[in-house]
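Here are my comments on the model you sent. They are set out as numbered points, to be read beside the coordinates.

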Amino acid sequence: MRVVSLVPSLTEAVAVSLPGVVVGATDWCSHPPGLDVARVGGTKNPKLDPILALAPDLVVANEEENRAPDLTALRAAGVEVLVTEVRSVPQAFSELTRVLDACGARSRPRWLDEAERAWVELPRPERRRTAVVPIWRRPWMVLGRDTFAGDVLSRLGVDHAYATHAERYPRVTLDELRAAEPELVVLPDEPYRFMADDGPEAFPGLPCALVGGRHLTWYGPSLAEAPRVLAVALRAARG
């Protein structure tokens with residue numbers, strides 16, 4: 001089986017579970033560390049000719065991260081494309097199982113059992129807090145409705161202010177974000193790389209939790225440690 005992955009979290013999941021199966025991945029596929037495969041461009045602008053040159057049996061993609069015209073072009077060239085949809089933690093586990101099965105897994109990997117157990121056994125939050133969750137600045141964009149990251153945070157006791165917005169990733173002015181009067185601001189390091197000196201200064205007086213995007217937005221082996229790692233970051237920002 002030869003697989004090209006256009007989704008960083010799926011690249012990690014397949015490469016860890018089925019060594020040697022992934023033959024191509026995007027420039028953003030940073031895990032597992034040391035992954036030595038052909039690079040085929042970005043998630044939004046994959047290089048189709050290099051993908052086809054790899055003669056993949058399967059290309060794995062995601063309805064949110066990859067563009068439909070690229071996937072249509074790959075199918076037109078005779079390549080099988082599996083497109084995932086992940087908007088909640090339970091859906092992540094079902095889609096991961098589907099992907100691994102399609103890639104030739106004969107058994108369920110241990111990390112997947114451990115990850116699912118970590119979320120099933122997650123204690124009920126002692127208290128809930130409201131938050132805004134920027135994912136970009138210039139312009140400011142935040143988590144909106146029906147997102148995987150939003151579901152992750154909800155299970156950890158964080159309700160984000162735009163969870164019922166009509167859009168999944170709305171553009172919101174900084175004044176509007178401040179006017180929402182959140183108890184917390186959650187700042188991931190991807191897709192925009194928020195850091196201690198780039199992000200918190202826009203929300204004076206509010207506690208800010210700097211979190212790893214891999215734990216907040218990736219669905220793969222990182223799911224096993226995500227509840228613990230994110231909980232630590234959220235607690236540290238109580239203020």
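**Notes on the fold**

1. Start with one residue pair in the sheet. Val-60 sits opposite Leu-82 of β5. This is a predicted model, so read every value here as computed from it. The pair belongs to the ladder between strand β4 (residues 58-62) and strand β5 (residues 81-84). That ladder is parallel and has four bridges.

2. The connection comes next. β4, helix α3 (residues 68-76) and β5 form a β-α-β unit, and its hand is right. Helix α3 lies across both β4 and β5. Its direction runs at about 155° to β5.

3. Now the whole sheet. It is open, with five strands in the order β3-β2-β1-β4-β5 and parallel pairing. β3 (38-39) and β5 are the edge strands, each pairing on one side only. Helix α1 (residues 8-17) packs on this sheet and touches β1, β2, β4 and β5. The direction of α1 makes about 165° with that of β2.

4. The β1-β2 ladder deserves its own check. Strand β1 (residues 3-5) pairs with strand β2 (residues 22-25) in the parallel sense, over three bridges. Ser-5 has Ala-25 in β2 as its bridge partner.

5. Helix α4 (residues 89-102) packs against helix α5 (residues 110-120) at about 170°, with the axes 11 Å apart. Angles over 145 degrees count as roughly antiparallel, so α4 is roughly antiparallel to α5. From α4, Val-89, Phe-93, Leu-96, Thr-97 and Leu-100 take part in the contact. They meet Trp-111, Leu-112, Ala-115, Glu-116 and Trp-119 of α5.

6. α4 also packs against helix α6 (residues 148-155). Here the angle is about 125° and the axes are 8 Å apart. That makes α4 oblique to α6. Val-89, Pro-90 and Ala-92 on the α4 side meet Phe-148, Asp-151, Val-152 and Arg-155 on the α6 side. Val-89 is listed in the α5 contact and also in the α6 contact.

7. Last, the cysteines. How many disulfides does the model have? The count comes to zero, with a cut-off of 2.5 Å between sulfur atoms. Cys-29 is in no disulfide, and its nearest cysteine sulfur, in Cys-103, is 13 Å away. Why is Cys-103 unbonded? Its closest cysteine sulfur, in Cys-29, is 13 Å off, which is too far for a bond. Are these two residues buried or exposed? Cys-29 counts as buried because its relative accessibility is 2%. Cys-103 is buried too, with a relative accessible area of 2%.

Terms used:
Residues numbered from 1 in each chain as written. Predicted model: local features only at pLDDT ≥ 70, side-chain atom pairs only at ≥ 80, totals over all residues. Heavy atoms only, no water. Pairing = 2+ DSSP bridges. Helix = DSSP H or I, 4+ residues; strand = E, 2+ residues; numbered from the N terminus. Right-handed = clockwise from strand over helix to strand, strands pointing away. Buried < 20%, exposed > 50% of the residue type's maximum accessible area, 1.4 Å probe, protein only. Axes fitted to C-alpha atoms, helices over the stretch in contact; angles between N-to-C directions. Parallel < 35°, antiparallel > 145°, perpendicular 65-115°, else oblique. Contact = heavy atoms within 4.5 Å.
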